Amino acid sequence: MTPIPDSTQKSATAEGSVIYYRDGKTVLARQGVDRRNVELAKVPKHVRDAVIAAENRSFYNDGGVSLKGTARAVWSTLTGQQLQGGSTITQQLVRNYYSGLSQERSVTRKFKEILIAMKVDQSKSKDWVLEQYLNTIYFGRGANGVQSAARAYFGKDVDKLTVAEGAYLAAVIQQPSRFADPEGADLAAARYRWQGVINAMGQTGALSRQQAAAERFPVLKAPKKPFVLKGQGQYMLDQVTAELNRRGYSDEAINGGGLKIVTTFDKKLMAAAEQAVKDVVPASTPKKVRTGLAAVDPANGEVVAFYGGRHDQVGDYDNAFSAKRMAGSTFKPYTLAAALDNGFDLSTRVDGNSPLRVASADKPIPNDSGRSYGQINLVSATQNSVNTAFVDLGQKVGLDKVAAVAEAAGIPKEQVQGQQAYATFPLGVSSVSAVQNASGFSTFANKGVHMEAHVVRSVTDGKGEKKTVKPVATKVVGEQAAAEAAYAMQQVVKYGTGTAARLYDRPVAGKTGTTDDSKNVWFNGFVPQLAVAVNMFRSDDKTVTIPGYGTQFGGQLPAQVWRAFMTEAMAGEPVEEFPEPSQYGYESSYSPPDRNRDVPDDRPYTPPADQGEWGTPDPGRSEAPFGDQPTTDAPTDDGFGGDNRGNRQDERPQDAPTTAPDQPSGLPDESRDTQGRPSGTG
């Protein structure tokens with residue numbers, strides 16, 4: 001009348017998951033229970049014999065319970081030998097394996113255990129019982145099951161264990177905590193217990209007398225410290241877990257389902273992202289200044305690398321995924337793409353005069369320093385990041401179309417919704433994360449098709465069934481519109497506000513962004529193979545100011561971090577060209593830089609004299625020279641060092657919403673340099 005339970009204890013069969021970098025071989029993290037189930041055939045006979053000799057010598061002959069064993073356990077306890085427990089292997093399995101049996105010490109529970117053990121012995125083979133037992137039992141050092149125990153104590157798989165090593169694991173079962181890392185009296189007790197197992201193997205015939213005498217106490221491997229993620233590791237694990245949850249995997253499945261999870265993260269590029277920030281951002285940077293970086297593969301949407309924050313910021317929120325910051329002028333390309341996909345072309349003229357009056361705006365919208373550009377084409381508007389030109393363009397194309405492009409490019413609707421009521425919507429009043437912005441710009445590199453950003457490549461369950469993530473592909477704009485937008489953004493890096501991001505060996509397209517009072521500074525850029533966004537902001541939403549380097553803008557440190565990362569990321573990669581734009585035949589796209597905006601680095605750059613169908617710049621014009629720069633701080637262990645180049649150009653008009661996204665704070669306050677704080681945004 002006592003049935004065998006029809007379910008097992010979750011902890012008895014749970015296998016932890018292993019999370020790998022994108023190569024599928026390098027371990028990023030281990031989650032949950034340390035257990036690796038193995039078939040009995042893979043456990044050497046001498047290991048099985050050792051466990052049987054230590055725990056239940058009559059295992060293959062008894063009926064699942066043993067009265068002699070119970071009596072012998074009492075005698076062993078009285079005499080101090082304590083070689084065998086009172087329960088058989090079958091009883092121990094029943095107690096630890098099946099649901100419904102508590103661990104309390106009571107006559108009722110013991111009687112129920114004996115009855116179920118007898119029924120299991122009648123319905124299951126002895127080999128099945130032994131296999132489940134060896135995979136279920138706890139061996140200490142956090143190891144559940146004999147395979148994990150072999151790795152934990154001897155650094156090898158169970159099938160490679162020697163007789164002495166197998167005997168030690170058998171000895172550990174009785175007192176796993178005491179014998180996990182024995183010293184002094186515990187080591188002496190462990191040696192005594194191990195010798196008792198060897199002697200018992202001789203008595204059962206598993207070893208001859210000579211073999212038993214020849215065995216020597218094995219050398220234990222030093223126990224590993226608990227698996228602790230360092231640096232960006234915790235941020236990676238958090239994002240992987242969150243995505244697995246979204247894809248239907250519960251925390252229970254992740255911690256106990258024995259999953260093999262391959263992520264999109266490239267270990268080399270993760271290190272390059274962190275190093276780029278260390279090399280460029282000065283050591284004097286206050287702790288409340290945060291830097292985020294995200295790199296997305298345009299072809300498949302994989303987040304191959306990111307930088308979430310300094311080690312002393314881990315546990316707060318990460319700068320690449322969690323932090324949503326006002327996009328500023330990095331939002332303008334979505335307006336440009338919407339226009340190019342709706343009948344406009346690069347030769348379209350828009351109003352670049354300042355201020356610009358728009359019926360839906362309460363106040364006139366100005367450009368930075370009130371500068372007027374007149375009627376300019378879309379390339380010049382993008383290159384010089386002219387606010388009024390993009391406000392005018394947004395009015396012409398329709399802000400609902402701009403919002404639709406941004407949403408299709410991966411910016412969540414809730415982060416855009418309601419913002420298109422403002423005439424300044426094209427100037428980036430919406431808040432986005434670095435990952436979202438990099439993912440959005442990847443659309444331009446992928447011929448107008450957005451691939452869903454994701455951090456998991458595949459999941460293989462405990463049964464070996466593999467599921468590969470197939471990201472959602474969304475056509476945002478036509479291929480030609482994407483090519484035109486990319487061309488305009490190339491001019492930003494060649495001649496405009498993003499010259500500090502130039503790569504010496506390949507073309508780059510990108511866009512700077514600087515919001516009101518430099519509270520958020522961005523550089524988003526891409527080559528055909530990779531899209532990367534870099535932002536800087538303060539956790540208290542104040543001006544990003546660095547002692548000795550002043551107030552920051554998108555074309556300064558963010559552009560330099562971008563270039564440092566991309567130089568490493570693209571090393572050895574083939575040079576790919578952007579697609580050619582249509583030949584609309586407007587005047588030259590080149591205009592000389594203004595010293596009141598982001599300027600190039602200290603390497604002189606001369607635009608090519610022959611621009612083919614795009615016109616030829618005035619040969620008498622050249623970029624303004626750049627003056628002396630602060631000395632670069634050497635990189636330090638706590639992650640910072642770099643230089644400062646360029647001034648701002650972009651500006652946000654006064655009628656734009658000024659409410660910044662909520663961000664957690666709580667980091668120690670730092671003094672900051674408030675010299676030269678500008679107003680406006682871009």
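1. Contact here means heavy atoms within 4.5 Å. Helices (H or I, at least four residues) and strands (E, at least two) are DSSP runs, numbered from the N terminus. The model is predicted: local features need pLDDT of at least 70, side-chain atom pairs count only at pLDDT 80 or more, and totals for chains, interfaces and linings use all residues. Residues are numbered from 1 along each chain as its sequence is written, and side-chain values use heavy atoms, with hydrogens and water left out.

2. Helix H14 covers residues 267-280. Its 14 residues, at 1.5 Å a residue, should span 20 Å, and the end C-alpha atoms are 20 Å apart, which agrees; the expected span is 1.5 Å times one less than the number of residues.

3. Buried residues of H14 (under 20% relative accessible area, 1.4 Å probe, protein chains only) are Leu-269, Met-270, Ala-272, Ala-273, Glu-274, Ala-276, Val-277 and Val-280. Their cover includes helix H12 (233-246), strands E6 (289-296) and E7 (303-307), and helix H22 (557-569).

4. At the N-terminal end of H14, Asp-266 acts as a cap, with a side-chain oxygen 2.9 Å from the backbone nitrogen of Lys-268.

5. Strand E1 (residues 17-20) is covered on both faces: Ser-17 and Ile-19 are buried on one side, Val-18 and Tyr-20 on the other. In a regular strand the side chains alternate between the two faces of the sheet.

6. Strands pair if DSSP finds at least two bridges between them. E1 runs antiparallel to E2 (residues 27-31) over four bridges, and parallel to E5 (residues 260-263) over three. Ile-19 stands opposite Ala-29 in E2 and opposite Ile-261 in E5.

Technical notes: Buried < 20%, exposed > 50% of the residue type's maximum accessible area, 1.4 Å probe, protein only. Polar contact = N/O pair within 3.5 Å; in protein donor to acceptor, adjacent residues only side chain to side chain.
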